[in-house]
Amino acid sequence: MNSRTAILFLSLSTAAAALVAGPAARADDGFRCESGRLVKVGDRTYDVQSKCGDPDQVVQRTEKRTVRHKVRRWVNGVWEEVTEEQEVDVLVDEWTYDMGPQRLIRRLFFENDRLFRVSTGNRGAPVR
C-alpha cells in the first residue's frame, strides 16, 4: 500500500468512526446510569429514579427568581403596555449519584419536577 492510499484509508476510517459515534454529548445534557439507561434534560424525577435508582444524596433548597411579564393598563384614555417584575420562590432538588472510584460523580438539578442540568464532579468514593 503506498502512502497516498494509506492516507485515504486513514481519512475514510476516521470519518466512518465519527459517523458511527454520532455527535458528542455535552456533560450537562444527561448521563448514563449504572443500569446503562440514559437520563437526559427534561426527564421527570420519577423517570430518573426508575432508571437510576435512589440517589446517594438529596438536597432541596428554595431559590429566589425574578419573573418579568407584560401588563396592559388603561392610563389617561389609552392602553399602555408595561413590564412588571415579581420575585418568586422556586424549589430546586439536587440529586447526587456516586458510582464509585472509576466513574465521575453526577449532580442532577431538578426544577418543577424536571431535570434541567447535569454537572460532573470528581471521581466517586472507593467502594467498601
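This tour proceeds from model confidence to the sheet, then to the helix packed on it and the nonpolar core.

**Confidence**

The structure is a predicted model. Colour the protein chain by pLDDT before selecting anything: the mean is 80, and 74% of the residues reach 70 or more. Next, select helix 1, residues 3-21, which has the lowest mean pLDDT among the elements of the chain, at 49. Helix 2, residues 45-52, has the highest, at 95. Then select residues 15-26, where pLDDT stays under 50; the model has 0 contacts beyond four places in sequence for this stretch. Where pLDDT is low, the predicted coordinates should not be read in detail.

**The sheet**

Display the strands as a cartoon. The open sheet has 4 strands in the order 3-4-5-6, with antiparallel pairing. Its edges are strand 3 and strand 6 (114-123), each of which pairs on one side only. On average, neighbouring strands of this sheet are turned by 20° against each other, direction ignored.

Helix 2 may now be added to the view. Helix 2 packs on the sheet and touches strand 4 and strand 5; the direction of helix 2 makes about 20° with that of strand 4.

**Strand 3 to strand 4**

Select residues 57-75 (strand 3) together with residues 78-97 (strand 4). These strands pair in the antiparallel sense over 19 bridges. Within the pair, Lys 64 stands opposite Asp 89 of strand 4. At the turn of this hairpin, 2 residues lie between the strands, and Asn 76 has a positive phi of about 50°.

**Strand 4 to strand 5**

Keep strand 4 and add strand 5, residues 104-111. The two run antiparallel and are joined by 6 bridges. Two partners in strand 5 merit selection: Phe 110 is the bridge partner of Asp 93, and Leu 108 is that of Trp 95. This hairpin has 6 residues between its strands, and Gly 100 takes a positive phi near 100°.

**The nonpolar core**

Show side chains for the largest nonpolar core, which has 12 residues: Phe 31, Cys 33, Val 39, Val 48, Cys 52, Trp 95, Tyr 97, Met 99, Leu 108, Phe 110, Leu 115 and Val 118. Helix 2, strand 4, strand 5 and strand 6 each supply at least two residues of this core. Trp 95 and Leu 108, seen above as bridge partners, both belong to the core.

Finally, centre the view on Val 39. Which residues is Val 39 in contact with, leaving aside its neighbours within four places in sequence? They are Asp 29, Gly 30, Phe 31, Cys 33, Val 48, Lys 51, Cys 52, Leu 108 and Leu 115.

Key: Residues numbered from 1 in each chain as written. Heavy atoms only, no water. pLDDT = per-residue confidence, 0-100. Contact = heavy atoms within 4.5 Å. Pairing = 2+ DSSP bridges. Axes fitted to C-alpha atoms, helices over the stretch in contact; angles between N-to-C directions. Core = buried A, V, L, I, M, F, W, Y, C linked by side-chain atoms within 4.5 Å. Buried < 20%, exposed > 50% of the residue type's maximum accessible area, 1.4 Å probe, protein only.
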